[in-house]
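Colleague: Got a minute to walk me through this one? I'd like to get a feel for how the pieces fit together.

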Amino acid sequence: REQFPSCAHDAALARPVLFSNWLHKRYVSVSQRELREYVAARLKVFYEEELDVPVVLFDEVLEHILRIDRVLRQPQGHMLCVGVSGSGKTLLSRFVAWLD
């Protein structure tokens with residue numbers, strides 16, 4: 001705080017920090033509410049077309065979706081999803097790939 005006295009520390013350190021280019025043409029910070037509305041609408045279409053099973057959307061899912069999207073947008077982007085069986089690793093990856 002001493003090195004940046006003119007910075008609004010509360011705004012700069014507010015969580016969650018979400019960046020996406022789904023709502024705007026550029027890769028910019030987005031509000032959690034706007035992102036949740038967009039993803040919920042797209043997720044509804046996704047599970048109607050692909051799954052026939054409703055999916056629950058919570059805060060950590062939004063963060064994981066954005067991480068997966070950031071990796072898949074990179075040239076030859078790849079990642080290793082680790083978690084217990086049935087936690088939605090494949091589902092989230094398929095959803096992000098379907099969005100793009």
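Modeller: Sure, and keep in mind that this is a predicted model. Let's start with α2 and α4, which pack at an angle of about 105° with their axes 11 Å apart.

Colleague: Is α2 roughly parallel or roughly perpendicular to α4?

Modeller: Roughly perpendicular, because the angle is about 105° and anything from 65 to 115 degrees falls in that class.

Colleague: OK, which residues make the contact?

Modeller: From α2 you have Y38, V39, R42, L43, V45, F46, E49, E50 and L51. On the α4 side they are L91, R94, F95, W98 and L99.

Colleague: How do those divide into nonpolar, polar and charged?

Modeller: The α2 contact with α4 has 10 nonpolar residues, four charged ones and no polar ones.

Colleague: I see some rings in there. How many aromatic pairs does the count come to?

Modeller: Five aromatic pairs. One of them is F46 with W98, a tilted pair with 5.2 Å centre to centre and 55° between the planes.

Colleague: Which parts of the chain does that pair link?

Modeller: Distant ones: F46 sits in helix α2 and W98 in helix α4, 52 residues apart. There's also an aromatic cluster made up of F46, F95 and W98.

Colleague: And are F46 and W98 buried or exposed?

Modeller: F46 is buried, since its relative accessible area is 1% and the cut-off for buried is under 20%. W98 comes out at 23% relative accessibility, so it counts as partly exposed.

Colleague: Switching helices. How do α2 and α3 pack?

Modeller: Helix α2 covers residues 32-51 and helix α3 covers residues 59-72; they pack at an angle of about 80°, with their axes 11 Å apart. That angle makes α2 roughly perpendicular to α3.

Colleague: Who's touching whom there?

Modeller: α2 brings Q32, L35, R36 and V39, while α3 brings D59, L62, I65 and L66. Those divide into five nonpolar, one polar and two charged.

Colleague: What about the largest nonpolar core, which residues touch the most other members?

Modeller: The core has 17 residues, and W22, L35, V39, L57, I65 and F95 are the ones that touch the most other members. α2, α3 and α4 each supply at least two of the core residues, and α3 gives the most, with five.

Colleague: Is there a general reason to expect a core like that?

Modeller: There's a broad trend: nonpolar side chains tend to be buried together in soluble globular proteins.

Colleague: Tell me about W22, then. What is W22 in contact with?

Modeller: Leaving aside neighbours within four places in sequence, W22 contacts L35, Y38, V39, I65, L66, D69, R73, L99 and D100.

Colleague: D69 caught my eye. Where is the place of D69, and is D69 buried or exposed?

Modeller: D69 is in helix α3. With a relative accessible area of 1%, D69 is buried. Not counting residues up to four places away in sequence, D69 touches N21, W22, V96 and D100.

Colleague: Last one, where does Q76 lie?

Modeller: Q76 is in the loop between α3 and α4, with α4 being 89-99. Q76 is exposed, because its relative accessible area is 78% and the cut-off for exposed is over 50%.

Colleague: How many Å apart are Q76 and L43 in space?

Modeller: They're 25 Å apart, C-alpha to C-alpha, and 33 residues apart in sequence.

Definitions and conventions
Residues numbered from 1 in each chain as written. Predicted model: local features only at pLDDT ≥ 70, side-chain atom pairs only at ≥ 80, totals over all residues. Heavy atoms only, no water. Axes fitted to C-alpha atoms, helices over the stretch in contact; angles between N-to-C directions. Helix = DSSP H or I, 4+ residues; strand = E, 2+ residues; numbered from the N terminus. Parallel < 35°, antiparallel > 145°, perpendicular 65-115°, else oblique. Contact = heavy atoms within 4.5 Å. Nonpolar A, V, L, I, M, F, W, Y, C, P; charged D, E, K, R; others polar. Buried < 20%, exposed > 50% of the residue type's maximum accessible area, 1.4 Å probe, protein only. Core = buried A, V, L, I, M, F, W, Y, C linked by side-chain atoms within 4.5 Å. Phe/Tyr/Trp six-rings, centres within 6.5 Å; stacked < 30°, edge-to-face > 60°.
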